[in-house]
Each structure stands twice: as structure tokens, then as C-alpha cells.
Amino acid sequence: MNIEDLKAIAVFRPRGRIFDEFEIGEMIHHHWGRTVTEADAIQFTHLTLSYNPLYSNAEYARAHGHPGLVVNPHLVFNVILGLSVEDCSEGIAGPFLGVFDLTYHQPVYAGDTLTAQSVTTDKRVTDGDPNKGVITWYTEGFNQNGDRVIDFRRSNLSDFRAASMMRKGEW
Amino acid sequence: MGPLARLTSGDNYFEHFEVGQTIRHSRGKTITNLENVNITNMVMNTAHGHFNEDFMARYGKSTRKSAPGKRDSDVISYGGVNFSIVLGLSSQDTIENALAETGLDKISLKHPVFHGDTIYAYSRVLEKRASDRADAGIIVFQHWGVNQNDQIVAELQRTALIKRHSHWGNR
């Protein structure tokens, strides 16, 4: 098949939701989950230059009452946010604005499996520009025992025109 | 100094911090594929504006307008990577002797970061208070991430439970 024919018959399969598709109060259980390995934890810790030996020295961590390395909590945040992206921010076409009220409730250890869920808590069209909006979600992350390890609120901007182009695959 | 205390600095225990103390940290880090694309992908953040150069060359015009300049790459570094590097660059001077990082707040991503940009970090002690355990206290830090052009790219607050030298300095 030549490329013109292929493009003519292929149907674009978009990913992500647009602004209008979010409902306040709706709970979304996010896909996949992720087991965090010791290699993940060490790599993240050292690429970000996070120097506390709890995150890099298992003996030191054990001397502080942990069963082994403590997974750098900011990796936990990034995994939980990452799992939420397709359902929350991927399709709305706008920058990540910020995070509030983030709590690390308990340590995560290598081998733990994380899952995420979010509730849409706020969405509004911006005062200055009717073609943009802001959406806020409340997101929680859990380990394999169902213990909540993190929660936070985060907001992203949406550019409605850009989101519409992305939805149609026009780029 | 015992086998635990000699693994970390001796001047950043709870007693050593003063409210208002403001630190310019010694190291910076240039953001490249290794930080942005690697961490974005490893945490399963699916938004391809962080890892598809072709898409961002076609679509990222509004972002480039907000941050003009010549650059070799159009993808935007994921904000979670940017502020994790601010947390890392500031970690040795602030939370190296933390028992736990317990939370983050008021995270604001103020300016896009592109591959090739360099992030530096500044911190200030906002609060210092006792905790429910005798051997450690709570410090709240304000952190700033600044790029090579002195633009603030991220601001955030971090709360940590930090060892007291009186209890841990000789362990």
C-alpha cells in the first residue's frame, strides 16, 4: 500500500479527554499501575541529585527502621501523576500549572506496586480568555495493600483550539 | 561521629536551621533527554509534547512564542521533572538528614523548560517547629528553581522531618 492510500483509510485514534468531557465529582480509576523497582528508585534519585542516603543506601535505611531502600517520594509523586496523564491532562492541550496540598502518607519500598485514581474537583473557563480553561483534579496513589501513600491536587491549563486539533490528529 | 552520622553532613540537622535563612545551592543541572525523556517515560507520563520533537516542531508555536530563543529541541521538559530537579539540587543542604519528606505544597510551574536549559536552586527556611518525636523536628522550606537567564521556572514548598543533632549526631 502506498502512503496516500494508507493515510486515506486509517482512522485517527485519539488519546486523552477534552475540557467538555470532564464532570465535576467523577472518579476515574487510572490505567496500568506500576511496580517500582530498586533500579527505578536509584536512577531517579541520582538523575535528580537527591542526596539523602535513605534513598541510596539500604543498610542506612535499615538502620532507620525501614526494610530496605526508601523509594524517593518524588518518584512516587511522578509515577502517580504519570499514571493519571491520559485520563486527565493529555488531551486538554495545555501546560501543567501546579500542585497543592501534597502529602506523603507512608514510605514506598522497592517492589511495591502503585495505582492511582483521581476526582475532577474544578473546571472553569479563564476570565481573560474564553478559549482557555483550567481543570483541577484530586489524585490519590495506593500501594498493593490498598494503603494510601500519597494525595495531592493538581491543575492544568486547557487550550480549547489546540485540544480540538489534537483530538482530530491535525498536526 | 558514628557509622551513620559520618555518611551525611554535620551541619544540616534540625538545630542548624534558622527561619529566614536563605541558601543559594552550589550546583546546577542542564536538562537533556536523559532527565526529561527518560524520567517522563519511566513514570509512564503519556503526553508526547514531552518526547515527540516532530509534534512539537509543528504544534508548539505558542509555547515557543512565550519563551523565544534559538534552540535545537522543541519538546517541553515535563514540569514534574523540573521541580524534582529543584528538590534534588537543594536536597543536600536541606533534607540530607531528614527521616522523611512528608509533603509538598504551592508548587507553581512558572516558565517552560527546554532541553539545554540549566536549572539552579535557591531555598529559604519558612518554618521550624517541634514534632511528635523527641529526636527530630519539622522544617518547611521554600524552594525556587531558576534557569540560566535568571527566570524563575518553578516554586514550591517542602516539609520534612529532620533529625536533631542532639539525638543523631553521634550515631
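What percentage of the 171 residues in chain A is buried? Buried residues make up 52% of them, in what is a predicted model. The legends below start with each chain as a whole and then move in on a few spots.

**View 1. Chain A, with five helices and six strands.** Follow chain A along its sequence and the elements come in the order α-β-β-α-α-α-β-β-β-β-α. Boxed along the principal axes, its C-alpha atoms take up roughly 60 × 50 × 30 Å. If you look at contacts with a sequence separation of 6 or more, 71% of them in chain A come from residues 24 or more positions apart. The surface that chain A exposes is about 7800 Å², with 52% of it supplied by carbon and sulfur atoms. As for charges, chain A carries 15 positive and 22 negative side chains, and 4 Å separates the centres of the two sets.

**View 2. Chain B, with six helices and five strands.** Here the order along the sequence reads β-α-α-α-α-α-β-β-β-β-α. The C-alpha trace of chain B spans about 60 × 30 × 25 Å along its principal axes. Of the 171 residues in chain B, 57% are buried. Take the contacts between residues at least 6 apart in sequence, and 73% of those in chain B join residues at least 24 apart. Chain B has an accessible surface of about 7400 Å², and 48% of that belongs to carbon and sulfur atoms. Its 20 positive and 18 negative charges have mean positions 1 Å apart.

**View 3. Helices H2 and H4 of chain A, crossing at roughly 105°.** Two packed helices are described by the angle between their axes and the distance between the axes. In this pair, H2 covers residues 38–47 of chain A and H4 covers residues 73–84 of chain A, and their axes come within 9 Å. With that crossing angle, H2(A) is roughly perpendicular to H4(A). Who meets whom? From H2(A) come Asp40(A), Ala41(A) and Phe44(A), and they meet His74(A), Leu75(A) and Asn78(A) of H4(A).

**View 4. Leu49(A), in the loop between H2 and H3 of chain A.** Helix H3, at the other end of this loop, runs over 58–63. Most residues other than glycine have a negative phi, and most peptide bonds are trans. Leu49(A) goes the other way, with a positive phi near 60°. Is Leu49(A) buried or exposed? Its relative accessibility is 15%, so Leu49(A) counts as buried, the cut-off being under 20%. Beyond its neighbours within four places in sequence, the contacts of Leu49(A) are Lys29(B), Gly88(B), Leu89(B) and Ser91(B). Two of these names come back in the next view: Gly88(B) and Leu89(B) are among the buried residues of H4(B).

**View 5. Helix H4 of chain B, largely enclosed by the rest of the structure.** This helix takes in residues 79–89, and eleven of its eleven residues are buried, which is why it can be called largely enclosed. Start at the N-terminal end and you pass Gly79(B), Gly80(B), Val81(B), Asn82(B), Phe83(B) and Ser84(B); carry on and you reach Ile85(B), Val86(B), Leu87(B), Gly88(B) and Leu89(B).

**View 6. Val86(B), a buried residue with a relative accessible area of 0%.** Val86(B) sits in helix H4 of chain B. What does Val86(B) touch, not counting residues up to four places away in sequence? The partners are Ile119(B), Ala121(B), His143(B), Trp144(B), Gly145(B) and Leu156(B). Arg164(B), by contrast, is 78 residues from Val86(B) in sequence and 24 Å from it in space, C-alpha to C-alpha.

**View 7. Asp150(B), in the loop between strands S4 and S5 of chain B.** The two strands on either side are S4 (136–146) and S5 (152–163). Asp150(B) has a positive phi near 65°, and it is a residue other than glycine. Is Asp150(B) buried or exposed? Its relative accessibility is 64%, so Asp150(B) counts as exposed, the cut-off being over 50%. Set this view beside View 4: Leu49(A) also has a positive phi, but Leu49(A) is buried.

Conventions. Residues numbered from 1 in each chain as written. Chains lettered and ligands numbered in written order. Predicted model: local features only at pLDDT ≥ 70, side-chain atom pairs only at ≥ 80, totals over all residues. Heavy atoms only, no water. Helix = DSSP H or I, 4+ residues; strand = E, 2+ residues; numbered from the N terminus. Buried < 20%, exposed > 50% of the residue type's maximum accessible area, 1.4 Å probe, protein only. Contact = heavy atoms within 4.5 Å. Areas by Shrake-Rupley, 256 points an atom, 1.4 Å probe, with all protein chains shown as cover. Lys, Arg positive; Asp, Glu negative; His and termini not counted. Charge placed at Lys NZ, Arg CZ, Asp CG, Glu CD. Axes fitted to C-alpha atoms, helices over the stretch in contact; angles between N-to-C directions. Parallel < 35°, antiparallel > 145°, perpendicular 65-115°, else oblique.
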